[in-house]
Structures are given as structure tokens and as C-alpha cells.
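Colleague: Thanks for making time for this. Could you load the model so that we can talk through its strands together?

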Amino acid sequence: TAALNTPGTYAFTVTVTDSLKTTASQGYTITVTGTALSIVTASPLPWGQTGVAYPGAQFQAKGGVGSYTWTAGAAPPGLTLSASGALSGAPTTGGSYSMAVTVTDNAKATASGAFAITILNSLTITTASLANGTVGVAYTAPNMAATGGIGTLTWSASGLPAGITLF
């Protein structure tokens, strides 16, 4: 026995000879594949945002035989994984997800992995309305509120009546 060093398909003949010099031969063919099939895409995947086209993720594999076909378990709502390994779409529901992904090569070998992906809710102002004001009376508005988005929120306003500062 020895380690196989070079991928390829090999045809060869094995012959056995006994003490009377009688022989028997048999032809064989074996295929030596490259390295074992594995997924090399890292987890977590890039985050996405509801209602916005996903920035995309292209799954990658190495090893195995020939080309690859990709399948996924439950992807976040609104996203799909193509047979070529491209994750795309516009997410519809925020949350943290774990997506099972499997790659299959031409020899029907498979490799699988679980990939974390976070979908953020779109940035939305949640303050429904503001109170009306009266000329000559100090105006006090409630604190403005928002949900979703990423990081620190910065507020601005345009078109306010003269003398009113909202922030």
C-alpha cells in the first residue's frame, strides 16, 4: 500500500502466477480523486437588511471531482441559493438565522455546513405624529424614536417652521 499522489483515471492489469507458471490476469480501472470535498466559505455570512437587495455571498468549495452543485435548507425569507452557490434576493424578515448548505460534486460526494446570517430590520421612524403648536407658545415635541438600522442614529430635519428646533 502507498499514498495516492496524482488525481486521474488509471487502467492497469494485475497478473498472478503460480509455481507451475500458470497465470491469470484481470484488468482494472480506478479513479483517483483530488482532495476531499469541503466548503471553504466562512461563517458568518455578510449581514443583510429587510427590503434591501442582499449584498450577496458566493459559496466556495475545494476538492472533489468536477463541478459543484449547491443546495440549502431553510434560507432566511426572501433569499435563495442558486445551484451555482450564489445567495441572493431581498430579505423580508429580520432575525438571526442558521442556514444549512450542501455542496455535491460530479462523483456525488457531498460536504455540508451551517452558516450564520443576520438580517436587520430596515430603519424606520416609529414616532407616529407630533402635537400641533400655537403661535407665541413654546413648543415641546416628544423624543423621536426609530427601530432597525445599524449603529448610532443621526437625526436631521428640513422644512421646519421658523423658531422650531426639533432636535
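Colleague: Happy to have it on screen. In which strand is the place of Phe 12?

Modeller: One caution before we begin: this is a predicted model. The first hairpin pairs β1 (8-17) with β2 (23-32). Phe 12 has its place in strand β1.

Colleague: Is Phe 12 buried, exposed or partly exposed?

Modeller: The relative accessible area of Phe 12 is 36%. Buried would need under 20% and exposed over 50%. Because its 36% falls in between, Phe 12 counts as partly exposed.

Colleague: Good to know. Which strand gives the largest share of the nonpolar patch?

Modeller: The patch covers about 430 Å² and is made by Tyr 10, Phe 12, Val 14, Tyr 28 and Ile 30. Both β1 and β2 supply at least two of its residues. The largest share, three residues, comes from β1.

Colleague: And which residue in β2 stands opposite Tyr 10?

Modeller: β1 and β2 run antiparallel and are joined by 10 bridges. Tyr 10 is one of the patch residues, and Ile 30 is another. Opposite Tyr 10 in β2 stands Ile 30.

Colleague: Let's look at the turns. Which residue takes a positive phi in the hairpin of β10 and β11?

Modeller: For the hairpin of β1 and β2, with five residues between the strands, Lys 21 takes a positive phi near 70°. The hairpin of β10 and β11 has four residues between the strands. There the positive phi, near 70°, belongs to Lys 108.

Colleague: Staying with that pair, what is the bridge partner of Val 103 in β11?

Modeller: Strand β10 spans residues 95-105 and pairs with β11 in the antiparallel sense over 10 bridges. Strand β11 itself covers residues 110-120. In β11, Val 103 has as its bridge partner Ala 111.

Colleague: Which strands stand at the edges of the four-stranded sheet?

Modeller: That open sheet has the order β4-β11-β10-β7, with mixed pairing. Each edge strand has a single partner strand, so one side of each is left without a neighbour in the sheet. The strands in question are β4 and β7 (68-72).

Colleague: Following β4 inwards, which residue in β11 stands opposite Gln 49?

Modeller: Strand β4, residues 48-49, runs parallel to β11, and two bridges join them. At the other edge, β7 and β10 pair in the antiparallel sense over five bridges, with Thr 104 in β10 as the bridge partner of Thr 69. Back in β11, the residue opposite Gln 49 is Leu 120.

Colleague: There is also a sheet of three strands. Which residue in β9 stands opposite Gln 58?

Modeller: This open sheet has the order β5-β9-β8, with antiparallel pairing. Its edge strands, β5 (57-58) and β8 (79-81), each pair on one side only. β5 and strand β9, residues 86-89, are paired over two bridges, and opposite Gln 58 stands Ala 86.

Colleague: One last stop, in a loop. How far is the backbone nitrogen of Ala 145 from a polar atom of the side chain of Thr 127?

Modeller: Thr 127 lies in the loop between β12 (124-125) and β13 (146-147). Leaving aside neighbours within four places in sequence, Thr 127 is in contact with Asn 143, Met 144 and Ala 145. From the polar side-chain atom of Thr 127 to the backbone nitrogen of Ala 145, the distance is 2.8 Å.

Note on methods
Residues numbered from 1 in each chain as written. Predicted model: local features only at pLDDT ≥ 70, side-chain atom pairs only at ≥ 80, totals over all residues. Heavy atoms only, no water. Patch = residues over 30% accessible without salt bridge, like charges linked within 9 Å, V, L, I, M, F, W, Y side chains within 5 Å. Areas by Shrake-Rupley, 256 points an atom, 1.4 Å probe, with all protein chains shown as cover. Salt bridge = Lys/Arg side-chain N within 4 Å of Asp/Glu carboxyl O. Buried < 20%, exposed > 50% of the residue type's maximum accessible area, 1.4 Å probe, protein only. Polar contact = N/O pair within 3.5 Å; in protein donor to acceptor, adjacent residues only side chain to side chain. Contact = heavy atoms within 4.5 Å. Pairing = 2+ DSSP bridges.
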